[in-house]
Amino acid sequence: MALLSAANGQRSEQVGMSYFYNTLVDYVNLHRDFRIWQGDRTGAFSFCQYPFLISLGAKMQIMEADSKRQMAERFKEAFFRTAVHGLHTDPFLSLHIRRSALIEDSLNQLQSRHFDLKKKLRIEFMNEAGVDAGGLTKEWFLLLVRDLFDPQYGMFTFDEDSNLCWFNPASFENTEEFRLVGTIIGLAIHNSNILDVHFPPACYKKLLDQPCDLLDLKVLRPALARGLESLLSYPGDDVEQVFCRDFVAEYEAFGDIVRVPLVPDGERIPVTNANRHEFVAKFVDWTLNGSVETQFQAFKKGFGYVCGGNALSLFKPAEIELMVCGATELDIRDLEGVTEYEGFESSDPIIRQFWDTVNAYTPEMKRKLLLFVTGTDRIPATGIQAMLFKITCLGEDSENLPITHTCFNQLCMYRYATRDKLQSKLAMAISWSAGFHVK
């Protein structure tokens with residue numbers, strides 16, 4: 001199986017990871033197996049030696065257990081310093097954020113709490129009511145990611161064909177901002193939150209120190225990769241005359257074109273039939289590695305502050321991507337199947353009207369509903385079955401809007417008198433909500 005898994009990794013069209021999972025392994029005490037694998041130097045057998053057999057859900061449990069262990073250690077250290085030395089130490093990674101200075105406050109406080117990053121994260125938005133039992137943390141991640149990845153901020157470039165982002169080689173931002181992005185993604189994994197980020201697989205391969213190639217570039221920038229493939233497959237012997245390329249890469253820096261030699265004196269070396277493979281290899285390496293070396297190394301360093309450790313090595317790049325981003329496909333019937341009710345019954349007319357209404361929503365509106373109730377518009381990487389969703393009755397008919405407790409994935413609504421009223425109140429609540437108040 002190890003040979004088959006390794007061979008599959010070399011294929012351009014790979015068999016899905018789940019085909020290699022052995023669900024029987026999930027019944028093994030994998031936490032103990034992981035501890036043995038971490039500390040053993042005798043070569044004794046461990047399933048963690050063959051991580052392709054371990055399902056994504058089981059790996060996430062190992063990662064979560066390792067995170068909780070590290071969090072508990074930080075908590076005990078803080079308690080010891082407080083009890084023995086009389087030093088006041090926050091047992092949590094508590095951040096006090098102004099919405100008007102989201103990036104500035106987050107960056108400054110995370111830098112000053114560098115040694116506390118493995119503690120449990122707690123967020124407080126200044127001058128807002130609300131105790132963080134998970135919902136404020138979700139909202140902080142959501143807002144911060146939106147700001148950091150805003151094209152106007154200039155840290156990342158976006159490809160229109162793939163809808164994916166990449167590090168901007170011309171960014172004016174210093175390395176601290178890229179380190180912050182890496183830290184944010186690491187904190188999301190560490191605190192079991194999923195993010196709406198759009199990195200290509202190459203990013204997660206680089207985090208695991210795996211090489212990237214033309215296939216990875218094709219995912220990120222399809223049009224550019226097709227041009228390089230045309231260069232490689234051109235059958236004629238007049239490549240130099242037809243393509244008119246030299247050993248130079250180009251990128252746009254705020255309206256200007258910057259030319260970068262791929263080899264010494266590259267401006268004077270034409271691309272020919274004989275050296276076109278070398279050109280493509282160097283061009284791909286420069287695009288995915290050399291052009292963004294400073295930015296990516298800062299990003300990787302920030303990620304490693306939180307997630308550096310053996311547990312991460314159990315994952316494949318695609319699994320890390322799922323763990324960071326979650327899944328986007330939302331099936332309302334599956335969501336209905338996992339929903340719990342408090343004060344309602346699944347057969348109540350208001351509940352049937354609710355699900356009929358939600359089923360008729362557009363995909364965008366369904367994601368907004370999920371965001372309204374859970375604090376994120378993604379579902380867990382292991383599927384919606386791993387998700388909690390609860391609908392609670394607030395009382396009889398009312399003019400008030402439904403409310404949510406994102407900490408508990410809980411929607412609270414009234415027994416509205418008519419279907420139209422339910423639809424109107426629900427739509428307003430979804431569209432107008434932000435934080436712990438109505439916009």
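Helices and strands here are DSSP runs, a helix having at least four residues and a strand at least two, numbered from the N terminus. By that count, Tyr414 sits in the loop between β10 (410-413) and α17 (419-432). The model is a predicted one.

**Overall build**

The protein has 439 residues, and 46% of them count as buried. Its secondary structure comes to 17 helices and 12 strands. Along the principal axes, the C-alpha atoms fill a box of roughly 80 × 60 × 45 Å. Take the contacts between residues at least 6 apart in sequence: 66% of these join residues at least 24 apart.

The accessible surface is about 22,400 Å². Carbon and sulfur atoms hold 52% of that area. Charged side chains number 45 positive and 58 negative. The centres of the two sets lie 5 Å apart.

**Tyr414 in its loop**

Is Tyr414 buried or exposed? Its relative accessible area is 14%, and the cut-off for buried is under 20%, so Tyr414 is buried. Its contacts beyond four places in sequence are Phe344, Ile350, Leu394, Gly395, Glu396, Ser398, Asn400 and Leu401. Two of these partners deserve a further word. The side chain of Asn400 makes a polar contact with the side chain of Tyr414, at 3.4 Å. Ser398 is 16 residues from Tyr414 in sequence, yet the two C-alpha atoms are 6.4 Å apart in space.

**Thr374 in helix α16**

Thr374 belongs to helix α16, which covers residues 363-374. Its relative accessibility is 2%, so Thr374 counts as buried. What lies 2.6 Å from a polar atom of the Thr374 side chain? The backbone oxygen of Leu370 does. Setting aside residues up to four places away in sequence, Thr374 touches Lys138, Met387, Phe389, Thr406 and Asn409.

**Helix α9 and its packing**

Helix α9 runs over residues 222-233, 12 residues in total. From its first C-alpha to its last, α9 reaches 16 Å. That is close to the 16 Å expected at 1.5 Å a residue. Which residues of α9 are buried? They are Pro222, Ala225, Leu228 and Leu231. An α-helix has 3.6 residues a turn, so residues three or four places apart point the same way. The buried residues of α9 pack against α8 (214-220), α10 (239-243) and α11.

**Positive phi outside glycine**

Asn163 has a positive phi although it is not a glycine. Asp265, also a residue other than glycine, has a positive phi too. Both are loop residues. The table sets out phi, place and accessibility for each.

| Residue | Phi | Loop | Relative accessible area |
|---|---|---|---|
| Asn163 | about 60° | between β3 (156-158) and β4 (165-167) | 55%, exposed |
| Asp265 | near 65° | between β6 (256-261) and α11 (276-288) | 42%, partly exposed |

The cut-off for exposed is over 50%, so Asn163 at 55% counts as exposed. Asp265 at 42% falls in between the two cut-offs, so it counts as partly exposed. Helix α11, which follows the loop of Asp265, is also one of the elements that the buried residues of α9 pack against.

Definitions and conventions: Residues numbered from 1 in each chain as written. Predicted model: local features only at pLDDT ≥ 70, side-chain atom pairs only at ≥ 80, totals over all residues. Heavy atoms only, no water. Buried < 20%, exposed > 50% of the residue type's maximum accessible area, 1.4 Å probe, protein only. Polar contact = N/O pair within 3.5 Å; in protein donor to acceptor, adjacent residues only side chain to side chain. Contact = heavy atoms within 4.5 Å. Areas by Shrake-Rupley, 256 points an atom, 1.4 Å probe, with all protein chains shown as cover. Lys, Arg positive; Asp, Glu negative; His and termini not counted. Charge placed at Lys NZ, Arg CZ, Asp CG, Glu CD. Expected span 1.5 Å × (residues − 1).
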